[in-house]
Amino acid sequence: MTAAESTFIHRFVPGSPEGSKTTLLLLHGTGGDEQDLIPLGEQLLPGAALLSPRGRVLEHGMPRFFRRLAEGVFDQDDLKLQTNALAQFVNGAARKYGLVDNKLIAIGYSNGANIAASLLLTHPHLLSGAVLFRPMVPFRPQHNPNLKDIPVLLAAAKRDQIVSPQETSELSKILTTAGAQVTIHLHPGGHELGADDVAAAKEWLSR
Ligand code: MLT
């Protein structure tokens, strides 16, 4: 893949010098952009560097991180291509912005959580951890990646109209089988984020 093929429009916010030496990779939901999760990143881990790409696929004008054929039915070829492009972009951005020694933690919401899960499963050495807000199973891996001791917060919702409880437990099982340390937070409402999700993620990040 050439450098041009792994280019993402993005926003970068440098970390504060006395910050935690952590980069949050912010991955928005369908219809979002690189600005969307900046306030959330600032709230979750003040002083962290923020790297926020915009998904490159457009669905009726709405940015996403990969194509889907229907709600919850993903174009697996595009998912693979976009996941690899995102991994290459992240590595390039880490060099460009001087972040190679930082811990990289993905914070993804909905479609962004799905590509974060795909990154975990296909590039197991890229991320030091991930907060997945309302994720689905992006694909079922043929072979277990090695996610030994990688912490993952999986924030699901009781009344999610898009993600079923079976989907949440299947993803949790896939990640746990790969060795990840999965913590589940259950929001009482639906697909939208609640203050309890933010508090749970903040607490999880401070551990
Ligand atoms: C997806 O397409 O990634 C999921 O259905 C979540 C969404 O973006 O609605």
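Reader: What makes Ser20 and Trp204 part of the lining of the largest pocket?

Author: In this predicted model, a lining residue has an atom within 4 Å of a pocket point. The residues that pass are Ser20, Thr22, Leu45, Lys103, Ile105, Ser128, Pro151, Gln181, Thr183, Trp204, Leu205 and Arg207. So Ser20 and Trp204 belong to the lining because they pass that cut-off.

Reader: How much space lies in that pocket, and which elements each supply at least two residues of its lining?

Author: The largest pocket holds about 230 Å³ of space. The elements supplying at least two lining residues each are β8 (103-109), β11 (181-187) and α5 (195-205).

Reader: How do the lining residues divide by class?

Author: You get 5 nonpolar, 5 polar and 2 charged residues. Lys and Arg count as charged, and the lining includes Lys103 and Arg207.

Reader: Back to Ser20: why is it called partly exposed?

Author: Its relative accessible area is 38%. Buried would need under 20% and exposed over 50%, so Ser20 with its 38% falls in between and is partly exposed. You'll find Ser20 in the loop between β1 (10-13) and β2 (22-27). Its C-alpha is 8.8 Å from that of Ala49, with the two positions 29 residues apart in sequence numbering.

Reader: OK, now the ligand. How do you know that Thr30 makes a polar contact with it?

Author: The cut-off is a pair of N or O atoms within 3.5 Å. An N or O atom in the Thr30 side chain is 2.5 Å from a ligand oxygen, so that pair counts as a polar contact. Arg64 passes too, since its side chain has an N or O atom 2.8 Å from an oxygen of the ligand. For Arg68, a polar side-chain atom lies 3.1 Å from a ligand oxygen, which is again within 3.5 Å. Taken alone, the ligand exposes 260 Å², and the protein buries 95% of that.

Reader: Which residues are around the ligand, and what classes are they?

Author: Among them are Thr30, Arg64, Phe66, Arg68, Glu71, Gly72 and Phe74, along with Ser110, Asn111, Asn114 and Met136. By class, that shell has 3 nonpolar, 5 polar and 3 charged residues.

Reader: What makes the phi of Arg134 worth pointing out?

Author: Most residues other than glycine have a negative phi. Arg134 isn't a glycine, yet its phi is positive, near 60°. Asp149 is another case, with a positive phi of about 65°. Arg134 sits in the loop between β9 (129-133) and β10 (151-157), and Asp149 has its place in the loop between β9 and β10 as well.

Reader: Are those two buried or partly exposed, and how do you know that?

Author: Arg134 has a relative accessible area of 1%, which is under 20%, so Arg134 is buried. Asp149 comes in at 45%; that lies between 20% and 50%, so Asp149 is partly exposed.

Reader: And why is Ser118 called buried?

Author: Its relative accessibility is 1%, and buried means under 20%, so Ser118 qualifies. Ser118 belongs to helix α3 (residues 111-122). Ser118 and Lys80 are 38 residues apart in sequence, while their C-alphas are 8.1 Å apart in space.

Reader: What makes Glu42 partly exposed?

Author: Glu42 has 42% relative accessibility, neither under 20% nor over 50%, so partly exposed is the right label. Its home is helix α1 (residues 38-44). From Glu42 to Glu59 it's 17 residues in sequence and 28 Å in space, C-alpha to C-alpha.

Key: Residues numbered from 1 in each chain as written. Predicted model: local features only at pLDDT ≥ 70, side-chain atom pairs only at ≥ 80, totals over all residues. Heavy atoms only, no water. Near = heavy atom within 4 Å. Polar contact = N/O pair within 3.5 Å; in protein donor to acceptor, adjacent residues only side chain to side chain. Areas by Shrake-Rupley, 256 points an atom, 1.4 Å probe, with all protein chains shown as cover. 1 Å grid on protein atoms, 1.4 Å probe; cavity = no way out; pocket = protein on both sides within 12 Å on 5 of 7 lines; lining within 4 Å. Points joined across faces, edges and corners; volume = space filled by probe spheres on them. Helix = DSSP H or I, 4+ residues; strand = E, 2+ residues; numbered from the N terminus. Buried < 20%, exposed > 50% of the residue type's maximum accessible area, 1.4 Å probe, protein only.
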